[in-house]
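Please look through the structure shown here, then follow the walk from a loop to the sheets around it.

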Amino acid sequence: MKVLVLNGSPKREKSDTMQITRSFLKGMQEFTPQEIHIIHTVDQHIEYCSGCFSCMHNGGTCIYNDDMKSILEEILQSDLLILSFPLYCYGMPASLKALIDRTLPLSSMAMQKVGDRYEHVGQADFSHLRYLMICGCGFPNSRRNFEPAIQQFQLCFPQNHTILTVPESPMFNVPQASVVTVPRLERVRLAGRQYAETGEIDVSLLTEITSPMIPEDQYAAIVNNGL
């Protein structure tokens, strides 16, 4: 499988969320070798979408000649697109959001009704793609935190998607927390292997991974005492 990872964290490899993503990729690799390419979006030259819609009228050619041209080509050549990012203001960090905005050349102005909503008709064939969102946040639980990012991801990629959200993710870069983070990353590795084998992750395993690693009040107290 050809896997493209879009790492939206400004921290690049030091990202808390990338610890989760690397464990997931490790599990995938254990099942069968994968061709993996990681792009740190903060290092790319990506202009902001101007909303001119030229790309939607002229066959997908954007007015900007920047790194998005090659990124779009790689997206279409991939089998799995992973969006790995920390939660920023309940959504994606700016560099990843700019990249997602610039995927507009994949769509045309024409619309079609799918279920009870309308979608743009594609200018490219990406029906083969699967999508995975891996998102960590610094809050002690998932309630009323991940919902905006999840909904945006689901609307952007309504088919063949899987979502993995992890609270308390700053602990993954704290050596003293290894007693809880190592077992959690082991569960993530298992999820990656399971996904590579079946294309899905068991609901029970997802529930384990997305739950707090330590009691919410204990985590909040540790964070507050460290201020």
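In this predicted model, tyrosine 90 sits in the loop that links E3 to H4. Its phi is positive, about 70 degrees, although tyrosine 90 is not a glycine. The residue is partly exposed, with a relative accessible area of 41%. Cysteine 89 belongs to the loop between strand E3 (80-86) and helix H4 (94-101) as well. Cysteine 89 is likewise not a glycine, yet has a positive phi of about 50 degrees. With a relative accessible area of 78%, cysteine 89 counts as exposed, because the cut-off for that class is over 50%.

Strand E3 leads from this loop into an open sheet. The sheet has 5 strands in the order E2-E1-E3-E6-E7, and their pairing is parallel. Its edges are strand E2 (35-40) and strand E7 (161-166), each of which pairs on one side only. From one strand to the next, the twist averages 15 degrees.

Within the sheet, E3 pairs with strand E6 (residues 130-136) in the parallel sense, over 7 bridges. Leucine 80 has arginine 130 in E6 as its bridge partner. Helix H5 (residues 147-156) packs on the sheet and touches E3, E6 and E7. The direction of H5 makes about 165 degrees with that of E7.

A further pairing involves strand E4 (residues 107-114) and strand E5 (residues 117-122), which run in the antiparallel sense over 5 bridges. Here serine 107 is placed opposite glycine 122 in E5. The hairpin of E4 and E5 has 2 residues between the strands, and glycine 115 takes a positive phi near 65 degrees in this hairpin.

Key:
Residues numbered from 1 in each chain as written. Predicted model: local features only at pLDDT ≥ 70, side-chain atom pairs only at ≥ 80, totals over all residues. Heavy atoms only, no water. Helix = DSSP H or I, 4+ residues; strand = E, 2+ residues; numbered from the N terminus. Buried < 20%, exposed > 50% of the residue type's maximum accessible area, 1.4 Å probe, protein only. Pairing = 2+ DSSP bridges. Axes fitted to C-alpha atoms, helices over the stretch in contact; angles between N-to-C directions. Contact = heavy atoms within 4.5 Å.
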